[in-house]
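The following exercises concern one protein chain and its ligand. Study the sequence and the structure, attempt each task, and then compare your reasoning with the worked solution.

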Amino acid sequence: MLIEEASAWRSPSQDTMLLRKGRPMSGSDPDLELGLPADGSAAFTLRGRRIIAQLTKSGITLDEAPTRWALLRQARLPEHIAFSEIISAATSKHRTIWRGCCSLPWRGTLQARHGVNIYTFRRSRGRAYHWIPVTWRLVCQDEDVAKQWAADITEAVSAISCRPKTLLVIVNPWGGNGRANKAWSRHAFPIFTQAGVRCVLVETRHPAHAKELVAALPVHELELYDGILAVGGDGLFQEVLDGIAALRCGGDERKAAAAAQLRLGHIPGGSTDAAAYSMHGTRSAATAALHAALGDSTPLDVMRVDTGDGSHRMSVCYATYGYMGDLLYLSEAMRWLGEKRYPLAGAITLFRGRSYRARVSYVASASDSQKMSTCQHQCQRCSMSAGAGCANLAQHSAASIEEETWTTIEGDFKSIMAIVTSCRSDMSPQGLSRNAHLADGRMHLVLVHKCSILQYLKFLSLIPTCGINVEHLPYVRVVEATAVKVQPIGRESHWNVDGELMPHKQLSARVCQAAVQVFSRGVENNT
Ligand SMILES: Nc1ncnc2c1ncn2[C@@H]1O[C@H](COP(=O)(O)OP(=O)(O)OP(=O)(O)O)[C@@H](O)[C@H]1O
């Protein structure tokens, strides 16, 4: 089926290539002496196996030559490598090998072998969203053939216009206790080098530095970059978003337009990495880097969180009050314990058993038939709403209070959560909110009413398997909303916004639909 496409497309240099490929290959390597069909394909060895490769309009098809050992072979070779999934290609020279007859070794010859390295990735078995960089080495004896194939693949790949050329990379050297540096240098940087992407690297020096850096970018630099990568945790990604929001709402139209064009990426190197996890379905730094290098793009909802004193923050994960706020507040005081502080703070907070009185107002979103669908690559629900594009991040969440229908409830709550994307993490790989989408313009508002410690423990224990969609628990209520306001009454808790404490108690949040474009294609599922 794919071979049919071959005749439909030829690169400008392919005619010359066909002429070269048309002649039989020299040398006596039995692996390479396949004889060449007249259709422009070429014979190579790939991982010691003989294949016929053919350039088509969309990529390279690889046909394994029949052999009597076929039944013994385990590892599968790719049948097609799409140009859209190739990072780059280059020639490589392989070691010279001695090819001779074992009975008459003096009759052998020295043979140089040439290769075309195709830098791409493969999908992990059973986890299509988890990508692993691979290099396929097509080996032949004819140097000209190798050079021509590398040139043709490079030409086809460079014609893909969505690929970034220059990126601003902001690394938090302290992210994830130093994980961020390793994620960049070991997993991401080699991919961008292969892709020929120019990366301008900046390390943050203090909290909120990333926001300052982005917000202070001059217009000529904004126009130069194709995107910004945050290498660290969710806090760093949130700061980059805050910087983008400052540029877009700052009143300078040229800067605002340039900032709106930038695609954002999160290379996970923090301690939770829910942003990258929710966008790609995995917390792999290499996968995130591959999405960026290949120029993937998808819209992402941003939740604008406004506080009573006029300050605001952007979030792509959650804002929670009550249990999770108290947990974070307590764990900050136990930083010296490292990662162990979270379970300990969680247990202490649980046994304190506090609940908080509050007035919660929300704007329920219109119900639709795809309410229970899961967000994935080419998600129908997100694509229907993608037209909303570049929502106004400047809009204050209470601005349209008059025009919208608000529902208000007052009560004692153990926990109030506004979740905008699925919020996947190692604790909950399918997400806190499994039916949350990347760009449907909705948040899931989870209200856990006052309950016993055991009942709350049951709710927490169901999160890893069911997420927060546990409406069978009578004390849990989940509402799809576009905006929410929380007014504490009496004793107050803390707000936890994407893992960062927010000192203000009164808070309102609104979803800005498809507010930014990110380097992602959504979560790919096994087909
Ligand atoms: N050089 C720095 N020194 C101290 N703090 C920094 C520095 N750079 C950034 N920060 C702050 O560290 C906070 C947390 O960083 P980050 O989110 O990257 O990692 P993390 O907390 O380990 O991961 P996660 O947010 O996924 O749990 C950020 O909010 C940021 O303000």
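**Exercise 1. The shell around the ligand**

Determine which helix gives the largest share of the shell around the ligand, and describe the residues of that shell.

*Solution.*
Step 1. In this predicted model, helix 6, which spans residues 234–248, supplies the largest share of the shell, namely four residues.
Step 2. The ligand is surrounded by 23 residues, of which G175, G232, G233, G235 and G270 come nearest.
Step 3. Sorted by class, the shell consists of 13 polar, five nonpolar and five charged residues.

**Exercise 2. Domains and their contact**

State how the protein chain is divided into domains, and describe the side of domain 2 that touches domain 3.

*Solution.*
Step 1. The division of the chain gives domain 1 (3–158), domain 2 (162–296) and domain 3 (303–510).
Step 2. Between the C-alpha centres of domain 2 and domain 3 there is a distance of 25 Å.
Step 3. To the contact, domain 2 gives 16 residues and domain 3 gives 19 residues.
Step 4. On the side of domain 2 that touches domain 3, the elements giving two or more residues are helix 6 and helix 8 (274–280).
Step 5. The most is given by helix 6, with seven residues.
Step 6. The classes on this side of domain 2 are eight nonpolar, five polar and three charged residues.

**Exercise 3. Helix 3 and helix 9**

How are helix 3 and helix 9 oriented to each other, parallel or perpendicular?

*Solution.*
Step 1. The axes of helix 3 (residues 179–195) and helix 9 (residues 285–293) come within 9 Å, and they cross at roughly 25°.
Step 2. Angles under 35 degrees count as roughly parallel, and the two helices are therefore roughly parallel to each other.
Step 3. The crossing in which helix 3 passes helix 9 is right-handed.
Step 4. From helix 3, the residues A183, H187, A188, I191, F192 and A195 meet A285, A286, A289, L290 and A293 of helix 9.
Step 5. This contact comprises ten nonpolar residues and one polar residue, with no charged residues.

**Exercise 4. Helix 6 and helix 7**

Give the angle at which helix 6 and helix 7 pack, and list the residues that meet.

*Solution.*
Step 1. Helix 6 packs with helix 7 (residues 253–261) at an angle of about 145°, and their axes are 7 Å apart.
Step 2. I244, L247 and R248 of helix 6 meet K255, A256, A259 and A260 of helix 7.
Step 3. Five residues of this contact are nonpolar and two are charged, while no polar residues take part.

**Exercise 5. Helix 10 and helix 11**

Describe the packing of helix 10 and helix 11, including the handedness of their crossing.

*Solution.*
Step 1. The angle between helix 10 (residues 323–332) and helix 11 (residues 341–352) is about 125°, with the axes 9 Å apart.
Step 2. Helix 10 and helix 11 are therefore oblique to each other.
Step 3. Helix 10 passes helix 11 in a crossing that is right-handed.
Step 4. Y323, D326, L327, L330 and S331 in helix 10 meet R341, Y342, A345, G346, I348 and T349 in helix 11.
Step 5. By class, the contact has six nonpolar, three polar and two charged residues.

Note on methods
Residues numbered from 1 in each chain as written. Predicted model: local features only at pLDDT ≥ 70, side-chain atom pairs only at ≥ 80, totals over all residues. Near = placed C-beta within 6 Å. Nonpolar A, V, L, I, M, F, W, Y, C, P; charged D, E, K, R; others polar. Domains from an automatic or database assignment. Contact = placed C-beta atoms within 7 Å. Axes fitted to C-alpha atoms, helices over the stretch in contact; angles between N-to-C directions. Parallel < 35°, antiparallel > 145°, perpendicular 65-115°, else oblique. Left-handed = near helix turned anticlockwise from the far one by under 90°.
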